[in-house]
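Let's take a friendly walk through some aromatic contacts and one sheet. Keep the structure open as you read.

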Amino acid sequence: MAIACVITQFACAENFEKQTYTHPNPYPVETIKAPKGKKVKNVIMMIGDGMSLVHIQSAWTCNRGHLWLENATHIGLSETPIVRRLIADSASGGTALATGTQTLYHAVGVDPEGNPVPSLINYAHDKGLSTGVAVTCRLWDATPCDYMAHNIDRDLEENLIGQFPDCPVDYVFGGGAKMFEKREDGRNIFDELKAKGYNISRSYEDFLQWNGGKTYCVPFDKDTPDPEFRGDMLAKASLKEADLLSKNKKGFFLMVEGSQLDDFGHSNNIGMLMEETLDFDQTVGAMMKWAAEDGETLVIVTADHETGGLALIGGDLDEGRVEVKFTTDDHSGTMVPVYAFGPGAENFTGFMKQKDICWKIKEILKL
């Protein structure tokens with residue numbers, strides 16, 4: 001039996017064939033001078049869903065040895081185990097990042113007993129700060145819900161979206177419109193949000209022109225398009241939210257997610273995974289440049305877990321070519337990086353528990 005198990009495991013590993021990808025359009029990267037001040041008024045938390053050091057090393061190779069992430073002045077590592085399980089998912093890993101609470105697999109914004117716990121959006125709002133969320137996934141997906149809703153089961157998607165009118169977030173950008181208005185329970189969440197004073201924008205272009213009060217921009221029924229079709233949409237939407245949020249002189253908290261890295265890790269598609277990772281890196285660059293100009297903004301870049309068990313086994317830096325193997329179509333338990341830029345960045349070095357990232361942000365913003 002033992003021999004049979006070993007043979008089975010070996011055969012499964014052999015199913016993950018070597019893949020090769022060459023990125024055709026490398027982009028330039030500049031050096032960004034980090035601000036020298038000590039005051040932190042704003043925090044931008046950026047999550048590459050499923051992103052590990054191997055994803056970053058592979059993307060660095062694809063872009064011929066340059067990434068905007070290299071502007072981070074301080075780097076650490078985050079452990080990702082959750083309650084009673086070594087391997088996290090986006091719900092449980094994201095809950096640790098959003099709330100500072102370790103919880104169960106598949107649980108969203110609750111403790112292990114299923115009790116709702118406040119997120120950084122709640123803490124920031126209670127302190128008078130403005131808050132925002134910008135993602136490339138459907139808004140009923142785990143990571144945005146970790147910040148805006150609560151449920152022991154991430155798969156209860158209508159329930160999660162149904163809680164959004166009670167979340168005090170100011171600006172939201174993402175996909176998933178069909179779960180707001182084509183619901184089995186007959187509710188229209190867009191109408192309920194309007195009743196709470198939100199503007200509802202169903203056009204990305206309209207959102208970029210918006211200069212008023214709190215708003216949801218949900219232009220797509222499900223996820224946003226792939227990078228080939230959406231271009232720099234995440235970067236522009238995130239910059240727009242930062243500009244709107246910065247009108248609050250008390251400061252803001254903004255969560256930005258490169259969501260679909262996880263999807264292409266699951267599907268073991270190295271080409272699309274690299275496109276998503278490079279899109280996220282360019283968004284990181286845009287936010288770091290914004291933060292450098294502002295002078296009082298801390299940017300933190302991390303991940304909720306690793307997806308795909310990616311292994312970089314060869315390639316060519318001059319050609320921007322990577323040779324990889326995936327070792328799973330699920331999540332793995334590897335540590336994930338933590339990059340920090342701006343005032344307060346020195347707090348994010350060394351080894352840390354994933355939940356500690358949230359607690360460090362709370363302490364820095366005095367929430």
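Phe-164 and Tyr-216 are both buried in this predicted model. The two rings make a tilted aromatic pair, with 6.4 Å from centre to centre and 35° between the planes. Along the chain these partners are 52 residues apart: Phe-164 belongs to the loop between helix H6 (157-162) and strand E5 (171-175), while Tyr-216 is part of strand E7 (residues 215-217). Ring pairs also join Phe-164 and Tyr-216 with Phe-180, Phe-190 and Tyr-198 in a cluster.

Another pair brings together Phe-252 and Trp-290, this time edge-to-face. Here, too, distant parts of the chain are linked, since Phe-252 is in strand E8 (residues 252-258) and Trp-290 is in helix H13, 38 residues apart. Are these two residues buried or exposed? Phe-252 has a relative accessible area of 0% and Trp-290 one of 14%. Buried means under 20% relative accessible area, so Phe-252 counts as buried, and so does Trp-290.

In total the structure holds 9 aromatic pairs. A pair of rings is described by the distance of the centres and the angle of the planes, and the table gives both values for the two pairs discussed here.

| Aromatic pair | Centre to centre | Angle between planes | Type |
|---|---|---|---|
| Phe-164 and Tyr-216 | 6.4 Å | 35° | tilted |
| Phe-252 and Trp-290 | 5.8 Å | 65° | edge-to-face |

Rings also meet charged side chains. The charged end of Lys-362 is placed over the ring of Tyr-123, at 3.7 Å from the ring's centre. Lys-360, in turn, lies over the face of Phe-348, and its distance from the ring centre is 6.0 Å.

Now for the sheet. Three strands, in the order E1-E12-E11, form an open sheet with antiparallel pairing. Why do strand E1 (19-22) and strand E11 (311-316) each have one side without a neighbour in the sheet? Both stand at the edges and have a single partner strand each, so one side of each is left free of a neighbouring strand. From one strand to the next, the twist averages 25°.

E11 pairs with strand E12 (residues 321-325) over 5 bridges, in the antiparallel sense, and Gly-315 is found opposite Val-322 of E12. Helix H2 (residues 53-62) packs on this sheet and touches E1, E11 and E12, with its direction at about 10° to that of E11. Helix H13 (residues 270-294) lies across E1 and E12 and runs at about 40° to E1. H13 is also the helix that carries Trp-290, the ring partner of Phe-252.

Conventions
Residues are numbered from 1 along each chain as its sequence is written. This is a predicted model: local features need pLDDT of at least 70, side-chain atom pairs count only at pLDDT 80 or more; totals for chains, interfaces and linings use all residues. Side-chain values use heavy atoms; hydrogens and water are left out. Two strands pair if DSSP finds at least two bridges between them. Helices (H or I, at least four residues) and strands (E, at least two) are DSSP runs, numbered from the N terminus. Axes are lines fitted to C-alpha atoms, for helices over the stretch in contact, and angles run from 0 to 180 degrees between N-to-C directions. Contact means heavy atoms within 4.5 Å. Rings of Phe, Tyr and Trp (its six-membered ring) pair if their centres lie within 6.5 Å; planes under 30 degrees apart count as stacked, over 60 as edge-to-face and the rest as tilted. Buried means under 20% relative accessible area, exposed over 50%, partly exposed in between (1.4 Å probe, protein chains only). A charge sits over a ring if NZ of Lys or CZ of Arg is within 6 Å of the ring centre and within 35 degrees of the ring normal.
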